[in-house]
Amino acid sequence: MANLAELPGVSSIIKSVLDNIIRRGFVWPNRFNFYFPTESVKNLRNQCFAMPSPQGILQVTVHRGRHLMKKDKHLIGGKSDPYAVLAIGEKKISFKDRYAESTVDPEWNYVADFPVEEVAGLDLKLEFFDYDAGSEDDFLGRTAISVESALEGHVKERWIRLDDAKHGEIQLSMLWKIVVPASIGGDPFDCCVVAFYVDYGRNLSSGKSSAPYSKVELSMSTPVSEKVSTTPLSRKESIKWVPSSKYEAYTTKPRGPSEDPVFQEGHFFLSRNPSSDSIAVQVVDHRSGFVLGSTYIKINYIIGLPDKQFSQMEWKLKNSVHPDATIVLSAKLYAVI
């Protein structure tokens, strides 16, 4: 195994995989088993093994709350404008834009879906706040429940007392959904999980004399700028990067300085409309914030492939300074059953 780890590119793959597991909430002393396909590693031709592989989807419904704390006491009788923030590992979903107005007994019916790679040791964390326009939101309480409890049985409309609060309860349901590779079963046209692996970039020029520190943002949302250039851009025409504000986004660590950076990081997304959804890919100079190139990958394109996946495919970047700027990606679809 020591000799295998010394192969070019293998050590960085191991580091990237372990780093992603830890960042998603891996907690000791849970064991982590990883199957290493030796022949694929030696040839370095198939990156699908390095992509994150979802174990399932945890669907969470926050139905309602009761007897929450009153934070807007300037109103007659006192009220709150409560909302929830849900998180598993680093993945966070906020319902701040759907707060319940002037009530301590809100009817929310929030629904959130979390693709989960490793269940052991993970908790679903919920925090509740009182929305205040123009000032910091007030804290209403928190709670946590293990993801494994959803595998043991359907958690249905359970009332849970909030911690770190004088009073207040929320009603919660949790449902575990199994996913399988779309190549062997299931219907990816209705709902699917798409796993992406960012391998490396080529000719990522910033237009400066020094090479950039590049990072890649993958997002289910459309980038702010719709400008698409089919010819190389000058430095003055470069587009400023605006990070995605939605939770369906992932940004790699910056790599460089290099015009040919190696990323070797993976992430997955939940697509509720595979026939129309796309993954937006933006390569960004970490120091200046300028976009070095971008492209779109339609989920429907991956569905049309024989195995519902592609490996180490080179994608030409648009809105780039260098005419031959490319990013090499792998992707694989998982169907929900």
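1. A residue is called buried when its relative accessible area is under 20%, exposed when it is over 50%, and partly exposed in between, with a 1.4 Å probe and protein chains only. On that basis, 50% of the 337 residues of the protein chain count as buried. The chain has five helices and 16 strands; these are DSSP runs numbered from the N terminus, with at least four residues for a helix (H or I) and at least two for a strand (E).

2. The structure is a predicted model, in which local features need pLDDT of at least 70 and side-chain atom pairs count only at pLDDT 80 or more, while totals for chains, interfaces and linings use all residues. Residues are numbered from 1 along each chain as its sequence is written, and side-chain values use heavy atoms, with hydrogens and water left out.

3. Confidence is expressed as pLDDT, the predictor's confidence in each residue, from 0 to 100. The protein chain has a mean pLDDT of 82, and 75% of its residues reach 70 or more. Among its elements, E5 has the highest mean (97), whereas helix H3 (residues 38-43) has the lowest (50).

4. Two stretches call for caution. Residues 26-32 stay under 50 in pLDDT, and the model gives them ten contacts beyond four places in sequence, a contact being heavy atoms within 4.5 Å. Residues 222-247 are also below 50, with 56 contacts in the model beyond near neighbours in sequence. Where pLDDT is low, the predicted coordinates should not be read in detail.

5. Of contacts in the protein chain between residues at least 6 apart in sequence, 70% join residues at least 24 apart. Ile327, found in strand E16, illustrates the packing: this residue is buried, at 0% relative accessible area. Beyond four places in sequence, its contacts include Val198, Tyr200, Val216, Phe263 and Trp315. Ile327 and Val262 are 65 residues apart in sequence, with 9.9 Å between their C-alpha atoms.

6. Aromatic pairs are rings of Phe, Tyr and Trp (its six-membered ring) with centres within 6.5 Å; planes under 30 degrees apart are stacked, over 60 edge-to-face, and the rest tilted. The count by this rule is nine. Phe95 and Tyr110 are stacked, because their ring centres are 4.2 Å apart and their planes are at 5°. Phe95 lies in the loop between strand E3 (91-94) and strand E4 (107-116), and Tyr110 in strand E4, so the pair ties together parts 15 residues apart in sequence. Phe95 is buried at 6% relative accessible area, as is Tyr110 at 1%.

7. Phe129 and Phe139 make an edge-to-face pair, 5.8 Å between centres and 65° between planes. Since Phe129 belongs to strand E5 (residues 123-130) and Phe139 to strand E6 (residues 138-146), the pair ties together parts ten residues apart in sequence. Phe129 is buried at 18%; Phe139 is partly exposed at 25%. Ring pairs also link Phe95, Trp108, Tyr110 and Phe128 into a cluster.

8. Lys332, in strand E16 (residues 326-336), deserves inspection. Lys332 is buried yet has no salt bridge, and the nearest side chain of opposite charge, Asp307, is 9.3 Å away. A salt bridge requires a side-chain nitrogen of Lys or Arg within 4 Å of a carboxyl oxygen of Asp or Glu; Lys and Arg count as positive, Asp and Glu as negative, and His and the chain ends are not counted. Leaving out residues up to four places away in sequence, Lys332 touches Met51, Pro181, Val193, Val194, Ala195, Lys308 and Gln309.
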